[in-house]
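Here's a quick briefing to read alongside the sequence and the 3D view. Take a look at the model, then work through the topics below.

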Amino acid sequence: ATERMRIDSGGNVGIGTTTPGSLLSVQAGNAQITGTTTSHALIATSTLWVGAAGNLFQVTQAGNVGIGTTTPGSLLSAQAGNAQITGTTTSHALVATSTLFVGATGNLFNVMQSGNVGIGTTSPATTLNVYNANESTTLTNFTQSVANAGLLITTDYTASAYTPGVFWTMQNNVGTRPKAGIWLLEDSAGSDMYFGTSNAFA
């Protein structure tokens with residue numbers, strides 16, 4: 001006969017294994033746990049984990065969920081890999097009812113409840129607020145590293161071509177409404193900067 005289940009001298013129960021290492025060990029197959037609409041299918045009074053030492057998936061007693069980490073510091077913490085969140089054309093892929101941030105304490109990228117976006121700041125004061133503390137007193141002929149730029153626009157070089165710039169327009173973008181912009185004209189001698197409006201150049 002084939003052995004289906006074993007209870008060892010320590011009280012451990014093994015299903016599909018003769019050497020259960022915990023109170024219940026299921027191997028060489030799938031385990032299904034079902035409940036009802038009025039009861040819980042699975043209750044863990046301590047940390048619940050999947051994988052060796054919980055390094056694949058872990059639910060702590062505090063309710064924090066860790067994927068790729070055994071010490072999730074928030075309700076959901078995913079580490080050591082990529083997280084993909086997808087939605088449909090009629091639903092939201094990601095909904096944050098509080099501040100959404102990237103980086104330690106949000107110092108890389110912040111989306112506030114007000115809709116303001118902060119890059120390098122946790123308290124954006126307007127729709128887009130970029131902060132960079134890399135000041136310099138040695139800037140000469142634009143020799144400073146662009147890594148210290150507060151905002152960097154990079155384009156390809158084509159002689160006598162206008163670069164994409166920064167522009168302002170009305171929401172409905174009607175041709176007769178005011179517009180303004182800043183852009184560059186590139187040539188072999190360098191770059192000319194233009195400041196323009198819909199009816200004149202500055």
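Let's start with Arg6, which is partly exposed, with a relative accessible area of 33%. Its side chain meets the side chain of Glu3 in a salt bridge, at 2.8 Å from N to O. Keep in mind that this is a predicted model.

**The salt bridge**

- Glu3 is partly exposed too, and its relative accessible area is 42%.
- Arg6 counts as partly exposed because its 33% falls between the cut-offs of 20% for buried and 50% for exposed.
- As a bit of background, side chains of opposite charge can pair when their charged atoms come close.
- How many salt bridges does a search of the whole structure find? It finds 1.

**The sheet made of β1, β2 and β3**

- Three strands make an open sheet here, in the order β1-β2-β3, and the pairing is mixed.
- β1 (5–7) and β3 (24–26) are the edge strands, so named because each pairs on one side only.
- From one strand to the next, the twist averages 10°.
- β1 pairs with β2 (residues 13–15) in the antiparallel sense, over 3 bridges.
- If you want a pair to find in the viewer, try Met5, whose bridge partner in β2 is Ile15.
- In general, strands of a sheet pair through backbone hydrogen bonds, either parallel or antiparallel.

**A nonpolar patch on the surface**

- Which residues form the nonpolar patch? They are Met5, Ile7, Ile15, Leu23, Leu24 and Val26, and together they have about 590 Å² of accessible area.
- β1 and β3 are the elements that give two or more residues to this patch.
- Leu23, one of the patch residues, sits in the loop between β2 and β3.
- Is Leu23 buried or exposed? Leu23 counts as exposed, because its relative accessibility is 67% and the cut-off for exposed is over 50%.

**Strands that pair with β14**

- β14 (residues 180–187) runs antiparallel to β12 (residues 161–162), and 2 bridges join them.
- One contact to look up there is Tyr162, which has Leu185 in β14 as its bridge partner.
- β13 (residues 166–168) is also antiparallel to β14, with 3 bridges between them.
- In that pairing, Phe167 stands opposite Gly181 of β14.
- What about β14 and β15 (residues 190–197)? These two run antiparallel as well, and 8 bridges join them.
- Glu186 stands opposite Ser191 in β15.
- Follow the chain from β14 to β15 and you pass through a hairpin, with 2 residues joining the strands.

**The whole chain**

- Now zoom out: the secondary structure of the protein chain comes to 0 helices and 15 strands.
- The protein chain has 202 residues, and buried residues make up 13% of them.
- About 15800 Å² of the protein chain is exposed, and carbon and sulfur atoms supply 56% of that area.
- Take the contacts in the protein chain between residues at least 6 apart in sequence: 6% of those join residues at least 24 apart.

How values were computed: Residues numbered from 1 in each chain as written. Predicted model: local features only at pLDDT ≥ 70, side-chain atom pairs only at ≥ 80, totals over all residues. Heavy atoms only, no water. Helix = DSSP H or I, 4+ residues; strand = E, 2+ residues; numbered from the N terminus. Buried < 20%, exposed > 50% of the residue type's maximum accessible area, 1.4 Å probe, protein only. Contact = heavy atoms within 4.5 Å. Areas by Shrake-Rupley, 256 points an atom, 1.4 Å probe, with all protein chains shown as cover. Salt bridge = Lys/Arg side-chain N within 4 Å of Asp/Glu carboxyl O. Pairing = 2+ DSSP bridges. Axes fitted to C-alpha atoms, helices over the stretch in contact; angles between N-to-C directions. Patch = residues over 30% accessible without salt bridge, like charges linked within 9 Å, V, L, I, M, F, W, Y side chains within 5 Å.
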